[in-house]
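Here's a small set of exercises to work through with the model open in your viewer. Try each task before you read its solution.

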Amino acid sequence: MKRCVHDALSRVIGGLEGTPAGFEAELMACARPEQGDLATNCALQLARHLRRNPREIAADIVGKLQSLRICDGHIASVEIAGPGFINFRFSTAYWHQALDALLAAGEGYGRSAAHAGARALVEFVSANPTGPLTVGHGRNAVLGDTIANLLEWTGFQVTREYYFNDAGRQMRVLGASVRGRYHETLADPDHVLAHMPKVAAHRAGYTTKCIGDADAPVTVASAFPDDGYLGTYITEIAAQLAEAHGADLLEAADERTFTQAAKQAIFADIESTLERLGIAMDRFFNEGSLYESGAVRQTLRDLCAKGVVYERDGAQWMKTSTLGKEKDTVLVKSTGEPTYRLPDMAYHRDKYERGYDVMIDIFGADHIATYPDVLRALRVLGYDTDRIRVVIYQFVSLMRAGAEVKMSTRMANYVTLDELIDDVGTDVTRYFFLMRSAQSHLEFDLDLAREASDKNPVFYLQYAHARICSILEKAREVGFSLDSETRLDLLIHEAELALIRTLVEFPDVITRTAAALEPHRLATWLRTAAEAFSRFYHSCRIIGEERPLATARMALAQGTRTVLKNGLDVLGLRAPDRM
RNA sequence: GUGCCCGUAGCUCAAUUGGAUAGAGCGUCUGACUACGGAUCAGAAGGCUGGGGGUUCGAGUCCUCCCGGGCACGCCA
């Protein structure tokens with residue numbers, strides 16, 4: 001419908017004297033239903049070019065449109081309003097047809113093939129395995145997964161990828177932390193292995209020390225690193241090692257065994273948390289593989305060949321100062337070890353070579369200043385960086401007892417994503433992260449979490465869905481059923497038409513939400529759909545009406561159910577038949 | 001100090017990307033069930049969109065300068 005109006009408008013506008021070449025009329029929904037269904041501001045925009053009064057231009061356009069008799073007569077009226085808007089109103093028959101199409105499409109309603117054949121990569125979470133996922137990672141995970149869903153709904157073939165680094169200093173510290181806790185575990189005189197001579201000898205030489213904040217010092221084994229990870233999960237991993245290996249690891253030459261065990265345990269934990277949220281990664285990409293394949297070295301060589309790398313103080317620098325940044329950037333430290341940026345560049349290069357049409361990165365606000373370096377390098381290497389889209393989300397601030405909780409994985413000062421899910425459930429967790437735009441700061445009061453979850457908007461959506469299921473079932477029990485005879489043209493009540501008008505927006509909402517990579521648009525829109533249904537429900541009955549009207553309304557309820565179900569699906573939320 | 005994000009109703013947030021009278025939820029107040037699910041619905045109150053200037057037919061949205069908050073500015077990742 002939009003296209004047909006647009007085509008007609010283009011023909012008329014093209015015929016006006018003074019229209020600039022390439023002028024495209026913009027069409028949008030009317031601000032208010034009483035104004036009409038579709039509006040264009042083209043007369044306002046043309047006023048400058050044509051040097052004429054906008055309302056006069058509008059009148060001219062409307063006159064010519066009427067002589068064309070556009071859109072199979074489905075335009076009920078065309079009016080000029082305000083400073084020169086042109087408002088189109090569709091016929092009721094058009095809305096009935098649109099509902100019919102919705103019902104025919106069913107669970108595919110809202111899907112489009114706009115990007116069929118194209119491949120997209122969504123990289124998200126990408127937390128290094130140093131601890132459990134926190135609430136902050138939750139926002140990343142849910143955003144990424146939902147954006148991936150949205151891309152699938154617009155036709156993309158999507159790969160969900162998790163990028164991680166299991167080497168380097170932080171992993172060594174992690175392993176050393178586990179080793180420290182392992183020593184502590186065996187130092188406990190109540191431990192089952194306490195009688196072993198080797199353990200007893202170890203206990204004799206066991207000493208502790210204090211680390212951490214001055215006002216909250218923690219006593220740990222002397223083998224525990226000063227900048228070690230203090231979370232209880234470290235102790236649990238250590239206990240498991242004590243169980244599996246007994247005292248055999250006391251003389252371990254380095255921390256690699258501990259690192260390896262920690263990595264495995266933590267990844268298992270991360271994956272199970274993601275699974276609880278309904279998230280399944282297609283691939284875990286190890287940064288280390290980029291070293292093994294030589295991709296990191298090759299990237300450095302290629303950047304050198306482009307003349308953007310130089311040496312100073314024994315380190316390799318990239319001339320980012322000539323590429324729109326204030327300072328230059330270190331790619332390889334004087335120790336010969338690359339900074340994380342270089343493998344990151346190699347990684348994105350790898351994505352290009354795998355042939356993705358669109359590559360999406362979900363990053364927290366802390367990456368805001370660093371990811372442009374990667375894009376700069378890629379541009380230098382000749383890649384089209386328009387294919388990369390970076391979604392930056394602001395951090396979640398957590399409130400507990402009226403005060404903000406400062407998060408630090410190392411200091412074990414955090415709220416895990418699992419705890420949040422335990423508290424409010426998966427649907428509330430997901431919806432909570434999706435209902436606001438990514439770039440707005442999000443405040444979450446843990447004390448109110450459970451209480452607030454009772455009135456969380458997600459229940460409003462699910463309730464509407466469950467109620468529709470119940471109504472349809474009841475209607476079938478009294479002998480009504482949907483069939484090809486259903487007369488949608490009986491739906492003329494204001495609440496019925498308002499509901500249809502809303503439902504039919506759904507495919508467009510999906511398209512726009514996907515294009516903007518902003519899931520909150522769908523989340524907030526779904527509420528308006530559920531509201532439109534509630535209004536309909538309160539003013540129009542099904543059971544008790546004559547069969548033709550009752551079945552027509554059943555069809556409308558069914559259509560609403562489809563839209564709610566599909567919308568909830570995209571957001572990764574359950575659409576329960578009963579609650 | 002420099003760069004990026006943000007500032008909208010008492011609170012938490014929207015606003016179709018520059019459109020018409022800035023909208024929802026929570027909270028507050030007033031109403032509605034002999035009813036297919038009341039986890040509902042109808043209505044009210046609540047706003048100088050942080051402040052000043054600018055751009056134009058038109059600004060919460062764009063440019064600029066202040067004020068306030070967040071994040072980042074390392075040969076850490």
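The exercises below go from the whole chain to its pockets, then to the RNA and one helix.

Heads-up: this is a predicted model, where local features need pLDDT of at least 70, side-chain atom pairs count only at pLDDT 80 or more, and totals for chains, interfaces and linings use all residues. Residues are numbered from 1 along each chain as its sequence is written, chains are lettered from A and ligands numbered from 1 in the order in which they are written, and side-chain values use heavy atoms, with hydrogens and water left out.

**Exercise 1. Get the overall picture of chain A.**

Step 1: start with extent; the C-alpha trace spans about 100 × 70 × 40 Å along its principal axes.

Step 2: tally the secondary structure, which gives 21 helices and 17 strands. These are DSSP runs numbered from the N terminus (helices: H or I, at least four residues; strands: E, at least two).

Step 3: check burial. Of the 579 residues, 51% count as buried (under 20% relative accessible area, 1.4 Å probe, protein chains only).

Step 4: look at contacts (heavy atoms within 4.5 Å). Among those between residues at least 6 apart in sequence, 73% join residues at least 24 apart.

**Exercise 2. Describe the two largest pockets.**

Step 1: fix the term. A pocket is an open set of points on a 1 Å grid over the protein atoms alone, where a 1.4 Å probe fits, with protein on both sides within 12 Å along at least five of seven lines; lining residues have an atom within 4 Å of a point.

Step 2: take the largest pocket, at about 1400 Å³. It has 43 lining residues, and S126, A127, N128, Q170 and H367 are the closest to its centre. By class, the lining holds 17 nonpolar, 17 polar and nine charged residues.

Step 3: move to the second largest pocket, with about 1100 Å³ of space. Here 35 residues form the lining, with A29, D37, W95, R501 and E505 closest to the centre. Helix 20 gives the largest share, six residues. The class split is 21 nonpolar, three polar and eleven charged.

**Exercise 3. Work out how the protein meets RNA strand B.**

Step 1: count the neighbours. There are 66 residues around the strand, the closest being R32, E326, Y460, R467 and R521 (near means a heavy atom within 4 Å).

Step 2: ask what part of the RNA they meet; sugar and phosphate make up 59% of the strand's atoms that come within 4 Å of the protein.

Step 3: pick out polar contacts (N or O atoms within 3.5 Å). The side chain of N41 has an N or O atom 2.7 Å from a base nitrogen, and a polar side-chain atom of S334 sits 2.6 Å from a base oxygen. For R512, the partner is a sugar or linking oxygen, 3.4 Å from an N or O atom of its side chain.

Step 4: sort the surface near the strand by class, which yields 26 nonpolar, 18 polar and 22 charged residues.

**Exercise 4. Is Q462 buried or exposed, and what does it touch?**

Step 1: place Q462, which is found in helix 17.

Step 2: Q462 counts as buried because its relative accessibility is 3%.

Step 3: leaving out residues up to four places away in sequence, Q462 touches D427, R574, P576 and M579.

Step 4: follow D427 to helix 15, where D427 is itself buried. Helix 15 (residues 426-434) is mostly covered, with nine of its nine residues buried.

Terms used
Grid points are joined across faces, edges and corners, and a volume is the space filled by probe spheres set on the points. Ala, Val, Leu, Ile, Met, Phe, Trp, Tyr, Cys and Pro count as nonpolar, Asp, Glu, Lys and Arg as charged, and the others, Gly among them, as polar. A polar contact is a pair of N or O atoms within 3.5 Å; within protein, one must be able to donate a hydrogen and the other to accept it, and residues adjacent in sequence count only if both atoms are side-chain atoms. Buried means under 20% relative accessible area, exposed over 50%, partly exposed in between (1.4 Å probe, protein chains only).
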